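Student: I am new to this structure and should like a close look at a single part, the surroundings of the ligand. Please then lead from there to the elements that make up the rest of the picture.

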Amino acid sequence: MSLLTLEGIRVSLEGRSVIERADLAIEPGAVVGLLGPNGAGKSSLLRVACGLQRVDAGAVRLEGQDLSTAQSRWKARRMAFMPQEGGAPPRMGLGDLVALGRLPWGETGQTARQHAAVRFALSATGLVDLADRPASSLSGGERARMFLARTLAVDARVILVDEPVAALDPAHALSVMRILRDVAAQGRAVVVVLHDLTLAARFCDRLVLMTRGRILADGRPDEVLTDERIARAYHVRARWLGETPVPWEIIAHSDEDA
Ligand SMILES: Nc1ncnc2c1ncn2[C@@H]1O[C@H](COP(=O)(O)OP(=O)(O)OP(=O)(O)O)[C@@H](O)[C@H]1O
């Protein structure tokens with residue numbers, strides 16, 4: 001059974017249609033990459049998926065239950081969302097901010113920080129040594145990893161992340177994509193908005209390509225990322241040079257064996 005389904009979603013904002021019609025079923029165990037040019041509706045669709053965006057038509061179901069009638073704590077324990085803009089970090093330490101991911105479980109303060117999910121999130125994002133730093137003192141990339149860590153700390157079965165690697169250097173981008181794969185392999189469903197087609201093709205099991213509020217294609221990376229579709233969606237020409245649509249790809253950290 002799908003963990004998360006979006007059925008016949010339509011959204012308009014300030015009189016403009018933002019999502020024309022979208023149907024999506026998300027299964028556990030997979031990383032789904034949500035792609036498309038700026039303004040295609042990716043963030044709007046993620047916000048719909050986690051119940052933050054009102055819809056004009058359609059329904060979202062989480063574990064078969066209509067999200068609009070689901071109890072908020074039930075929802076918050078099952079679904080974690082990392083928005084594109086994490087906002088200015090409040091005046092607190094990084095470790096405490098990541099521990100906020102435990103709030104849906106009724107844990108606060110030190111008990112939350114001691115939770116295995118928080119320790120896992122800090123370690124997976126490479127932030128253990130920064131846990132006592134004020135969140136406001138972090139670099140853009142460290143901050144992005146902190147917000148991802150807070151999302152992972154929820155220990156939710158559905159993880160929705162909007163552009164988690166946009167601010168990251170290649171090594172950290174690689175780490176984050178591997179984390180997403182690892183958590184999906186634990187039987188979770190991961191939906192990740194990406195602009196990097198190389199990372200998307202390499203790490204996602206499935207890609208959903210959006211343009212102008214519609215889903216243009218949905219399938220395996222090699223099925224979705226055709227020259228014709230890349231041109232249609234992004235208005236760029238891509239040349240397929242074998243395994244990936246670019247002549248090189250980042251394959252591992254430099255201290256790892258080839
Ligand atoms: N609050 C709003 N009011 C009016 N229009 C909005 C609002 N939020 C988003 N939009 C519009 O909806 C469309 C889709 O926006 P959305 O943020 O979902 O796109 P996106 O695919 O995530 O883009 P990007 O890659 O630039 O992040 C855009 O044209 C945007 O201008």
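Tutor: For the classes used here, Ala, Val, Leu, Ile, Met, Phe, Trp, Tyr, Cys and Pro count as nonpolar, Asp, Glu, Lys and Arg as charged, and the others, Gly among them, as polar. On that basis, the shell around the ligand holds 3 nonpolar, 7 polar and 3 charged residues.

The model is a predicted one, in which local features need pLDDT of at least 70 and side-chain atom pairs count only at pLDDT 80 or more, while totals for chains, interfaces and linings use all residues. Residue numbers start from 1 along each chain as its sequence is written. The pLDDT is the predictor's confidence in each residue, from 0 to 100; its average over the chain is 90, and 94% of the residues score at least 70. For the complex, the predictor gives an ipTM of 0.96 and a pTM of 0.92.

A residue belongs near the ligand if its C-beta atom, placed from the backbone, lies within 6 Å of it. Around the ligand there are 13 such residues, of which L13, N38, K42, S43 and S44 come nearest. The elements giving two or more residues to this shell are β2 (16-26) and α1 (42-49), and α1 gives the most, with 3 residues. Such helices (H or I, at least four residues) and strands (E, at least two) are DSSP runs, numbered from the N terminus.

From the shell, β2 leads to its neighbour. Two strands pair if DSSP finds at least two bridges between them; strand β1 (residues 4-13) and β2 do so over 7 bridges, in the antiparallel sense. Within this pairing, I9 of β1 stands opposite A22 in β2. The two strands form a hairpin with 2 residues between them, and E14 in the turn has a positive phi of about 50°. β1 is also joined by 5 bridges to strand β4 (residues 57-62), again running antiparallel, with R10 opposite A57.

Another group of strands centres on β7 (158-162). It is joined to β6 by 4 bridges and to strand β8 (residues 189-193) by 5 bridges, and both pairings are parallel. F81 stands opposite L160 in β7, and D162 stands opposite V193 in β8. A residue is buried if 20 or more other C-beta atoms lie within 10 Å of its own, exposed if 12 or fewer, and partly exposed in between, with C-beta atoms placed from the backbone. By this count both faces of β7 are covered: V158, L160 and D162 are buried on one side, I159 and V161 on the other.

β7 is also among the elements against which the buried residues of helix α6 pack; the others are β6 (79-82), α3 (94-99), α5 (116-124) and α7 (170-185). Contact here means that two C-beta atoms, placed from the backbone, lie within 7 Å. In α6, 11 of the 14 residues are buried, including F147 and L148. The expected span of a helix is 1.5 Å times one less than its number of residues; for α6 (residues 140-153) this gives 20 Å, in agreement with the 20 Å between its end C-alpha atoms. Just after α6, D155 takes a positive phi of about 65°.
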